[in-house]
Amino acid sequence: MRLTYTSDVWWKNAVIYCLDVETFKDGNDDGIGDFRGLTQQVDYLAGLGVTCLWLMPFFPTPNRDDGYDITDFYTIDPRLGTLGDFVEFMRTANDRGLRVIADLVVNHTSDQHPWFVEARSSRDSPMRDWYVWSDTPEPDDPSQVVFPDKENSVWQYDEGSGQYYLHSFYRHQPDLNVGNPEVRDEITRILGFWMELGLSGFRVDAVPFLIENVDPKLANPHEFLADLRAFMTRRKGGSILLGEVNVPYKDLTRFFGEGLGDQITMCFDFIGMQNAWLSLARNDATPLADALRERPEPPKDCQWAMFLRNHDELTLDKLTDEERQEIFEAFGPSKDMQIFGRGLRRRLPTMLGGDLRRMKMAYSLLFSLPGTPVIFYGEEIGLGDNLDAEGRMAVRIPMQWSADGGFTQAEPVRETPEGSFGPDRVNVADQKRDVDSLLRWFQLLIERYRECPELAWGDYTVLETGDRAVLAHRCDADGATVVVAHNLCDTVRDVELTLEGLENHQLTDLLVDGTLEVSAEGSVRLPLDPYGSRWLRASPRELPPEDASVKSL
């Protein structure tokens, strides 16, 4: 694969760090995280090595859905600060070389948003068609209910106007109607406003719901996504749309833009993620290997976003009931760990029992999988969860900066875990001083990932290992190759790999000291520790390995 580098595609090998301003750092000691606190920690984030920050919603809200129920798209929730605080944060982040994207939640608003208040005031309201209304709650497909533990319909009767309104999510979140040109224009204005304040793009919430649940139906709903992407590119070359599109591979490619790559810039690989967890549960690489082989190639100007956990539940909806149950038994056997019958409300460190070897292997796997890695705040220190919190809130807990918490000098609004995942056991300050900590491992992985553009830019091949516990793949770009292998089980494994085109080459380990020789026949025996990880750069024996890499930006 021949690469052409340009800063407009910075996201191809970015490291994206998702955080909630409310739970990251309190700057005014009221128990709630805010932009002042976040600004104080920008140097920490830059030192970690991440290149892009993804902010969860920070807009005014009644806070019935952790900020995803918005009442004003053009300002900051007063609990989190002011527009001035936001601008100061953006200046600091940009000064450290960090880009920033934010959640774009325009599938719905809060029912307290002035738009909806006006729309429901009368059937003749000029904003009536900004939402989706019906005289009857039909069609009403129970499978379309996103929160089956709280809702049994996607329609809610409005007493005042005598019609039903559509809500794909909670009943207090009426769906916006992008079938209305005025709504589409308003969404574009929202994008433009925040881009003027420095944002490099948006993570688009619930993309399929946004373009499909509208009235009248759009002749080509994907034209709206293409229009958004075109508008952003005109305003700021290199801006991105990161899409939450949890659909099968066969249905997902159209969200990139069939053959053109002119719609969603990056789509989360939900299928790969779910199969990764099935592989981890089984100590068997086969499900993930099969998913990677089946995954379609995105258009040239698009990319897969890779993740193991995010801010929501660990959704397992694309697996069979039997496969899902395997993961439940391995990582969330108690009912209070499960949610909606389709996922887990736990963070990765607690699912893996705090096993440092296994956590290091899992995150090494994440950073080496073909695509752009996305991590959730606190993953770098092994932050736990709080199962006493309701629903998804279990994983959205305060960041732990020091042994006494360090999040705030006041009483935090959200509780931190106790026991083996409490602040006295898991925190940034302690791990900074420990060369073998998870935090230091993250810094190494990010550094090596940034030094290996083949992983994000190159063509990948899943390799035969002869051992179901071992996943191995190679990434090739511009004549440079990186070979990666992971042992998903707790016993030593030796596998033999065949590496075509690398006969008589040397493989230099990028995570620890050591080299391996590829035979004249192109084979190499690769030893792996229990839950072992190997990243290996291929080079001719006469050439230093650093000279065999792709020259990055």
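# Briefing: pockets, cavities and sheets

According to an unreviewed UniProt entry, residues 18-414 carry the annotation "domain: Glycosyl hydrolase family 13 catalytic". The structure shown is a predicted model. In this model the span 18-414 is 33% helix and 12% strand, and its end C-alpha atoms lie 18 Å apart. The points below cover the spaces in the protein, two of its sheets, and two places where the backbone departs from the usual pattern.

**The largest pocket**

- The largest pocket holds about 860 Å³ of space.
- Its lining is made up of 35 residues, and those nearest the centre are V146, F209, N246, D317 and K318.
- Two elements, α7 (207-212) and α9 (249-256), each give two or more residues to this lining.
- Helix α7 gives the most, with four residues.
- Sorted by class, the lining of the largest pocket has 14 nonpolar, 13 charged and eight polar residues.
- Both domain 1 (4-104 + 181-450) and domain 2 (114-166) take part in the lining of this pocket, with at least three residues from each.

**Cavities**

- The model has four cavities of 30 Å³ or more.
- The volume of the largest cavity is about 70 Å³.
- This largest cavity is lined by 13 residues, and W54, F268, F307, N310 and H311 are the closest to its centre.
- Which strand gives the most to the lining of the largest cavity? Strand β14 (residues 372-376) does, with three residues.
- The lining of the largest cavity consists of eight nonpolar, three charged and two polar residues.
- The second largest cavity contains about 40 Å³ of space.
- Residues lining the second largest cavity include D20, E22, D66, D77 and R79, and also P57, F59 and L80.
- T61, N63 and G67 belong to the lining of the second largest cavity as well.
- By class, five residues of this second lining are charged, three are nonpolar and three are polar.

**The six-stranded sheet**

- Strands of a sheet are held in pairs by backbone hydrogen bonds, in a parallel or an antiparallel arrangement.
- One open sheet has six strands in the order β15-β16-β17-β22-β19-β20, with antiparallel pairing.
- At the edges of this sheet are β15 (459-463) and β20 (515-517), each of which pairs on one side only.
- On average, neighbouring strands in the six-stranded sheet are turned by 25 degrees against each other, with direction ignored.
- Within this sheet, five bridges link strand β17 (residues 480-487) to strand β22 (residues 533-540) in the antiparallel sense.
- Opposite A485 stands R534 in β22.

**The three-stranded sheet**

- Another open sheet has three strands in the order β11-β13-β12, and its pairing is antiparallel.
- The edge strands here are β11 (314-315) and β12 (338-339), and each pairs on one side only.
- Strand β13 (residues 343-344) runs antiparallel to β12, and two bridges join them.
- Q338 has L344 in β13 as its bridge partner.

**Backbone exceptions**

- Most peptide bonds are trans, and most residues other than glycine have a negative phi.
- Where is there a cis peptide bond? A cis peptide bond joins D215 and P216, with omega of about 0 degrees.
- P216 is placed in the loop between α7 and α8 (222-235).
- Is the phi of A206 positive or negative? A206 has a positive phi of about 50 degrees, although A206 is not a glycine.
- A206 is found in the loop between β7 (201-204) and α7.
- Helix α7 thus links two topics of this briefing: the loop that holds A206 lies between β7 and α7, and α7 gives four residues to the lining of the largest pocket.

How values were computed:
Residues are numbered from 1 along each chain as its sequence is written. This is a predicted model: local features need pLDDT of at least 70, side-chain atom pairs count only at pLDDT 80 or more; totals for chains, interfaces and linings use all residues. Side-chain values use heavy atoms; hydrogens and water are left out. On a 1 Å grid over the protein atoms alone, a cavity is a set of points where a 1.4 Å probe fits but cannot get out, and a pocket is an open set with protein on both sides within 12 Å along at least five of seven lines; lining residues have an atom within 4 Å of a point. Grid points are joined across faces, edges and corners, and a volume is the space filled by probe spheres set on the points. Ala, Val, Leu, Ile, Met, Phe, Trp, Tyr, Cys and Pro count as nonpolar, Asp, Glu, Lys and Arg as charged, and the others, Gly among them, as polar. Domain bounds come from an automatic or database domain assignment. UniProt positions are given in the numbering used here, feature names are shortened, and annotations may be inferred rather than shown by experiment. Two strands pair if DSSP finds at least two bridges between them. Axes are lines fitted to C-alpha atoms, for helices over the stretch in contact, and angles run from 0 to 180 degrees between N-to-C directions.
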